[in-house]
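User: I am new to this structure and would like a close look at one part of it. Please walk me through the sheet in the first chain, then set it against its surroundings.

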Amino acid sequence: MISMQNVKKSFGSNHVLRGLDLEIPKGTSMVIIGGSGTGKSVALKTVLGLITPDSGTILVDGKPADSGDRDKFLARFGMLFQGGALFDSLTVWQNVAFRLLRGSLKRPVDEAREIAIEKLRRVGLKPDVADRFPAELSGGMQKRVGLARAIAAEPEIIFFDEPTTGLDPIMSGVINDLIREIVVEMGATAMTITHDMSSVRAIADNVAMLHDGVIQWSGPVADMDASGDPYLDQFIHGRAEGPIEAVR
Amino acid sequence: MNPLSLLARLGRAVLVALAAVGRVTLFAVDTFSHMLRPPYYPRELAQAFLQVGWLSLPVVGLTAIFTGAALALQIYAGGARFNAEAVVPQIVAIGMVRELGPVLVGLMIAARVTSSIAAEIATMKVTEQIDALVTLSTHPMKYLVAPRVLAALITVPLLVGIGDIIGIAGGYVVATQNLGFNPAAYLKNTVDFLELRDVVSSLVKGCAFGGIAALMGCYYGMQSGRGAQGVGRATKSSVEAAAVLILAANFVLTGVFFSL
């Protein structure tokens with residue numbers, strides 16, 4: 001389980017997180033929604049230690065996220081970045097097998113390549129993609145490679161940062177379905193941040209809406225439409241009028 | 001202007017400069033500590049050797065040969081004013097080995113390697129590849145910075161040595177083909193005049209300049225701001241800082257080696 005308690009983070013005078021409280025039960029898929037610049041990515045990166053919070057507590061399975069062996073801690077996570085964040089200088093299979101080629105999870109090269117090709121197949125990519133470089137792939141293919149890399153070491157917890165941004169609706173649907181299938185199949189705990197409502201409905205067990213640095217509403221995805229929360233209603237229906245200022 | 005506000009401005013500027021020196025020093029210490037501790041990344045180190053060393057050879061060679069050739073012409077023309085044309089081999093050798101070889105190679109490395117390291121790492125930063133490395137349990141200082149700096153520390157002295165030889169060869173060709181020097185006498189004068197201290201100073205300077213060039217590229221790359229402007233600023237600042245620090249280090253090292 002991931003637990004964030006009263007997490008605060010400011011960048012200069014910009015108070016991004018003002019006391020974030022969030023619980024993600026083990027084996028569930030939590031989607032965090034909210035407008036651009038509301039701190040969704042910051043929240044996600046504080047769990048991984050990519051950003052250090054100013055105050056508050058982050059626990060993963062009851063243990064503080066910033067204590068213990070960092071490599072062991074990170075080995076439990078997989079992450080799909082918004083732009084893919086694939087390494088340009090490495091081929092697709094080397095990107096996917098990155099973790100399996102070095103460090104504590106190191107395997108022989110042939111075995112790592114085999115696993116990489118299997119993971120590529122799992123996300124719908126043919127083996128001939130394996131020896132290409134990321135720059136030779138379309139945006140949708142890069143996202144799939146990023147997804148394959150995120151699941152290559154079979155992590156217990158997977159983070160998805162804006163998984164469908166920049167993709168056409170059909171490719172978005174494909175990525176959403178893949179994420180849902182993989183999370184269910186692996187029994188992983190998932191945390192996704194997005195403002196794409198089709199992703200929310202496809203991926204989420206639970207939804208949390210981040211607004212003004214705190215969780216404005218959270219609950220099961222089935223309750224989202226009848227929440228009665230004016231902020232959430234405005235967001236999910238994409239209305240310009242409402243308590244959330246359209247121009248921020 | 002109020003003298004107190006002038007003093008305050010000066011104080012702020014000094015504090016900013018000292019803070020920058022402190023950050024770079026901490027970055028350098030961190031880099032060296034990562035170089036010494038496992039895990040090591042031999043593939044990245046081999047690539048860095050290729051990029052910093054092997055692929056810099058053409059530009060270093062061309063720079064050195066033209067500099068050596070021009071130096072021979074200048075010394076001959078200048079020496080002719082007081083009947084000292086004969087000193088061409090000695091001055092070309094000492095000029096190339098003590099000063100021009102290390103400094104020009106250092107500046108070429110700053111232009112070629114520092115800029116490329118800074119742009120590459122800065123781009124990786126703005127496209128979240130550095131964050132991706134961290135989530136894949138790989139320390140960016142170990143994976144990106146340590147191999148590049150180590151490769152520069154080892155290959156730039158070699159490049160300087162090669163540059164020195166090519167520069168002297170450039171002078172030799174001009175002197176023997178255009179200025180009427182005897183080839184055997186030219187070589188003998190060159191070898192006889194050079195001291196071990198000259199060669200050691202050249203290689204030590206190469207090592208220092210290589211370290212400075214790679215460190216500045218990595219430092220500014222890792223400190224890069226967002227977007228294309230951030231990458232551009234990181235690249236520009238890294239080359240400026242590397243060039244100035246190389247020239248300053250050259251002055252200090254020349255003092256250390258030759259004013260004793």
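Analyst: What follows starts with the sheet of chain A, moves to the contact between the chains, and ends in chain B. Keep in mind that this is a predicted model.

Start with the layout. The sheet is open and has six strands. Read across, their order is β6-β7-β8-β3-β9-β10 in chain A. The pairing is mixed. Two strands form the edges: β6, residues 77-80, and β10, residues 214-220, both of chain A. Each of these edge strands pairs on one side only. Between neighbouring strands the turn averages 15°, with direction ignored.

A general point helps here. Strands in a sheet pair through backbone hydrogen bonds, and the pairing is either parallel or antiparallel.

Now go in from the β6 edge. β6(A) and β7(A) run parallel and are joined by four bridges. Which residue of β7(A) is the bridge partner of Phe77(A)? That partner is Ile157(A).

Stay on β7(A), which covers residues 157-161. This strand is mostly covered, with five of its five residues buried. The cover reaches both faces. On one side sit Ile157(A), Phe159(A) and Asp161(A). On the other sit Ile158(A) and Phe160(A). Every one of these is buried, Asp161(A) included.

The next neighbour is β8(A), residues 189-193. Five bridges tie it to β7(A), and the two strands run parallel. Ile157(A) turns up again here: it stands opposite Thr189(A) in β8(A). How does the chain get from β7(A) to β8(A)? It passes through helix α6(A), residues 169-186. This β-α-β crossover is right-handed.

Further across the sheet, look at β3(A), residues 29-33, and β9(A), residues 206-211. They pair in the parallel sense, over four bridges. One residue to find in this pair is Ile32(A), whose bridge partner in β9(A) is Ala208(A).

Next comes the contact between the chains. Here 15 residues of chain A are in contact with 11 residues of chain B. The edge strand β6(A) has a part in this: β6 and α2 (70-75) of chain A each supply at least two residues of the side that touches chain B. The largest share on that side comes from α2(A), with three residues. By class, the chain A side has 10 nonpolar, two polar and three charged residues.

Finally, cross over to chain B. Its secondary structure comes to nine helices and zero strands. From the N terminus on, every element is therefore an α: the run is α-α-α-α-α-α-α-α-α. The C-alpha trace of chain B spans about 65 × 60 × 35 Å along its principal axes. Of its 260 residues, 44% are buried. Among contacts in chain B with a separation of 6 or more, 88% are between residues 24 or more positions apart.

One helix pair in chain B is worth finding. The axes of α1(B), residues 3-36, and α6(B), residues 140-177, come within 9 Å and cross at roughly 95°. That angle is why α1(B) counts as roughly perpendicular to α6(B). From α1(B), the contact uses Asp30(B), Thr31(B), His34(B) and Met35(B). They meet residues of α6(B) including Met141(B), Lys142(B), Val145(B) and Leu150(B). By class, this helix contact has six nonpolar, two polar and two charged residues.

Note on methods: Residues numbered from 1 in each chain as written. Chains lettered and ligands numbered in written order. Predicted model: local features only at pLDDT ≥ 70, side-chain atom pairs only at ≥ 80, totals over all residues. Pairing = 2+ DSSP bridges. Axes fitted to C-alpha atoms, helices over the stretch in contact; angles between N-to-C directions. Parallel < 35°, antiparallel > 145°, perpendicular 65-115°, else oblique. Contact = placed C-beta atoms within 7 Å. Nonpolar A, V, L, I, M, F, W, Y, C, P; charged D, E, K, R; others polar. Buried ≥ 20, exposed ≤ 12 C-beta atoms within 10 Å, placed from the backbone. Right-handed = clockwise from strand over helix to strand, strands pointing away.
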